[in-house]
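Hi,

Here is the structure I promised to pass along. Have a look when you get a moment, and my notes are underneath.

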Amino acid sequence: MPHFIIHCSKQIVEQKSPEDIMQKVYDVAEATRLFLPEEIKVRINPFEYYNTGNTSDDFIHVFANIMEGRNTEQKANLSKQVVKELKAMLPEVPIISMNIRDFEKATYCNKEMV
């Protein structure tokens, strides 16, 4: 935990390497000090087929799935920092966004817990 899943148009990974994009998201998440560095997970899914408002405009959207317990201000700052850094990295991309979803501790399970 946390998991950062990046969805983007495939043209994004032709402009910047997937590794660079994932590293940027990782670095921002680590810099917030909300997570242990070794627990931050980032992956990217470039899409060849998509529709953005009935256009084929490039896009990048980050879904963050984090354990509950952070306040709204912390989560808003995380979103703003990620979007800010991606905007600086990919200034020509018209759609850059992020949202955060909380996992419930009570219902979360991983293999170490069973």
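Below is what turned up, starting with the backbone and ending with the core.

Please keep in mind that this is a predicted model, where local features need pLDDT of at least 70, side-chain atom pairs count only at pLDDT 80 or more, and totals for chains, interfaces and linings use all residues. Residues are numbered from 1 along each chain as its sequence is written, and side-chain values use heavy atoms, with hydrogens and water left out.

Most residues other than glycine have a negative phi, and most peptide bonds are trans. Here, the bond from methionine 1 to proline 2 is cis, with omega near 0°. Proline 2 sits in the segment before strand 1 (3-9); helices (H or I, at least four residues) and strands (E, at least two) are DSSP runs, numbered from the N terminus.

Two non-glycine residues have a positive phi: arginine 33, at about 60°, and asparagine 54, at about 65°. Arginine 33 belongs to the loop between helix 2 (18-31) and strand 2 (41-47), and asparagine 54 to the loop between strand 2 and strand 3 (59-67). Both are exposed (over 50% relative accessible area, 1.4 Å probe, protein chains only), at 76% for arginine 33 and 69% for asparagine 54.

The largest nonpolar core (buried Ala, Val, Leu, Ile, Met, Phe, Trp, Tyr and Cys residues joined through side-chain atoms within 4.5 Å; buried is under 20% relative accessible area) has 25 residues, and Phe4 and Phe35 are among those touching the most other members. Helix 2 gives the largest share, five residues.

Best wishes
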